[in-house]
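Student: I would like to go through the charged pairs and the strand pairing of this model. Could we take them in turn?

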Amino acid sequence: NSFCTLLNPTMGRGYSVSRTATQRPTNKDKRPRSVSMAKVRKQLTNAAAGVKKQQEMAETPNAAMAAAGDSDEDDYASEDENETVRRADVMTKYKICGTITDEAVKTVGAACIAGASTFDLCEQGDGFVADKVKKMFQKSKSDDGKKMLKGLCFPTTVAVNNILCNASPANKEEAATLKNGDVVKVSCAVHLDGYPTTSAVTLVVGAADGAITSLPSETAHVLAATHYAIHGMVRLMKPGTENQDITDYIAHVGKCFGVEPVEGVLSNRTKRWILDGQNCIITRRVLTEDPQQNVADCVIGENEVWTLDVAFTTSKNYRMRQAPLDTNIYRRNEITLEPKLKSTQELLKEVRDNYMCFPWSPLRVSNVLRARMGVSELRKLDMLDTFPILGSQKGFVTARHSCTVAVTEKRTHILAGAPSHEVPAMVVSSATNAPSSDVLELMTEPLSAAEMKKTTKKGSKSTAANPAADAPDEDDDANNAAAELPTRSRKAHRSGV
């Protein structure tokens with residue numbers, strides 16, 4: 001899950017991709033994906049590199065973070081060429097997995113009606129995935145000769161209104177009951193032989209059956225911003241694009257609609273057994289306030305798989321806070337102590353065998369009662385990372401969209417979570433703000449390089465026939481001056497809050 005509080009790494013962490021003889025990842029070399037600027041400065045102060053090196057890194061914070069260990073160089077060095085989408089069989093596994101992910105999210109989304117319980121919805125999503133993968137590749141084996149693992153790599157979550165992520169209630173008493181007009185975020189992640197895909201969508205309860213025909217303008221703006229942001233991110237995912245340029249684009253979309261990109265949301269490089277690799281795109285960089293947040297520079301490369309994630313809030317406070325609800329999603333970390341209780345040892349073995357490094361829910365193991373007891377002991381031993389339920393203040397609304405894409409030389413493949421082509425009519429009619437001409441222009445760019453060439457040729461002919469067709473409109477320039485799209489080639493300085 002890409003939602004990760006950078007300075008309080010309780011939402012998710014990236015694992016090292018060092019491999020064992022079985023070609024599956026180990027946890028012993030796990031490192032955080034991002035480093036706060038305050039932490040970088042502290043490390044530089046205590047280092048024996050000298051004052052000159054400290055001054056250079058203070059001037060270039062992204063380079064400082066890369067020097068502090070946030071570079072993805074080890075990721076590239078250790079990635080097996082046979083595990084990239086360059087291979088047709090790997091791409092096929094991703095696509096099959098993406099289809100299951102989309103079907104699960106669609107099934108849960110259709111069940112989000114007034115009176116539905118979020119506990120039942122999460123049960124429905126997880127059960128759907130389990131039934132689907134059970135029938136697939138039954139006799140297939142992994143590269144190590146063992147039975148091919150498949151299933152959830154992040155439990156189904158259903159977050160309502162101000163709640164943003166990780167909402168998977170442990171029981172019906174803790175669940176929320178949906179009502180018409182609620183803004184619901186449904187997410188799920190599935191893997192096949194370790195190749196993961198993620199999808200998350202935002203919907204309005206009652207919109208599908210006509211019970212809701214209009215929205216508050218603020219809600220419409222946050223939904224529209226999410227739509228245009230994810231579309232633009234997908235189109236910017238091309239070899240050679242810098243992660244900071246995508247962050248600038250997200251900030252621009254937020255300004256167009258008067259909503260705030262959420263702090264701590266990361267889009268991550270995804271690989272086999274790795275949901276959240278070290279290369280990432282931050283939704284919102286924070287450089288002028290403490291705690292500062294940014295990530296190391298990286299460039300999108302060919303044959304890479306990325307999990308894109310973007311979120312906005314109607315609140316002016318872009319920092320998410322932990323909701324007063326118990327977490328129900330965990331991931332084992334690198335600590336390898338031996339639990340005392342036999343039931344805990346059995347739980348740990350089951351998690352290792354079935355989930356590897358992926359997050360899991362105690363409700364999805366063979367013995368739920370044993371799991372609850374085991375989780376208690378493992379948490380005391382600090383052997384589990386927790387995924388707390390995060391959200392904005394009550395009374396505000398959050399929106400989120402996540403998808404998985406594969407970037408190749410010729411096109412960008414949307415493996416899971418493809419956004420809708422059009423903004424829902426109800427959102428358009430309720431919104432008072434609109435995207436800028438730069439955003440609308442980006443929306444027309446095709447995902448295929450071949451289609452891009454055709455579009456360019458047609459555009460040049462049209463311009464030659466009618467030179468005034470591309471002339472800028474003075475009124476449009478005036479309306480969009482306050483939300484001018486940042487220059488993509490700008491590298492020297494990145495604006496903060």
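Student: Is Glu123 buried, exposed or partly exposed?
Tutor: In this predicted model, Glu123 has a relative accessible area of 31%. Glu123 is therefore partly exposed, as that value lies between the 20% limit for buried and the 50% limit for exposed.

Student: Which residue does the side chain of Glu123 meet in a salt bridge?
Tutor: The partner is Arg364, with an N to O distance of 2.8 Å. The two are distant in the chain, 241 residues apart: Glu123 belongs to helix 6 (residues 118-134), whereas Arg364 sits in the loop between helix 9 (342-355) and helix 10 (368-380).

Student: And what is the relative accessibility of Arg364?
Tutor: Arg364 has 23% relative accessibility and counts as partly exposed.

Student: How many salt bridges does a search of the whole structure find?
Tutor: The search finds 21 salt bridges.

Student: What does Arg319 pair with?
Tutor: The side chain of Arg319 forms a salt bridge with that of Glu263, at 2.3 Å from N to O. This pair also links distant parts of the chain, 56 residues apart. Arg319 lies in the loop between strand 8 (304-313) and strand 9 (321-322), and Glu263 in the loop between strand 5 (260-261) and strand 6 (266-270).

Student: Are Arg319 and Glu263 buried or exposed?
Tutor: Both Arg319 and Glu263 are buried.

Student: Now strand 6. Where is the salt-bridge partner of Arg269?
Tutor: Arg269 meets Glu304 in a salt bridge of 3.5 Å, N to O. Arg269 is in strand 6 and Glu304 in strand 8, with their positions 35 residues apart in the chain.

Student: Why do Arg269 and Glu304 count as buried?
Tutor: The limit for buried is under 20% relative accessible area. Arg269 is at 2% and Glu304 at 3%, so each falls under that limit.

Student: Which residues are joined into one network by salt bridges that share partners?
Tutor: The network consists of Glu83, Lys93, Asp193 and Arg272.

Student: Changing topic: in what order do the three strands of the open sheet run?
Tutor: The order is 2-12-9, with antiparallel pairing. Strand 2 (163-165) and strand 9 are the edge strands, each paired on one side only.

Student: How many bridges join strand 2 to strand 12?
Tutor: Two bridges join these antiparallel strands, strand 12 being residues 390-391.

Student: And which residue in strand 12 stands opposite Cys165?
Tutor: That residue is Leu390.

Terms used
Residues are numbered from 1 along each chain as its sequence is written. This is a predicted model: local features need pLDDT of at least 70, side-chain atom pairs count only at pLDDT 80 or more; totals for chains, interfaces and linings use all residues. Side-chain values use heavy atoms; hydrogens and water are left out. A salt bridge is a side-chain nitrogen of Lys or Arg within 4 Å of a carboxyl oxygen of Asp or Glu. Helices (H or I, at least four residues) and strands (E, at least two) are DSSP runs, numbered from the N terminus. Buried means under 20% relative accessible area, exposed over 50%, partly exposed in between (1.4 Å probe, protein chains only). Two strands pair if DSSP finds at least two bridges between them.
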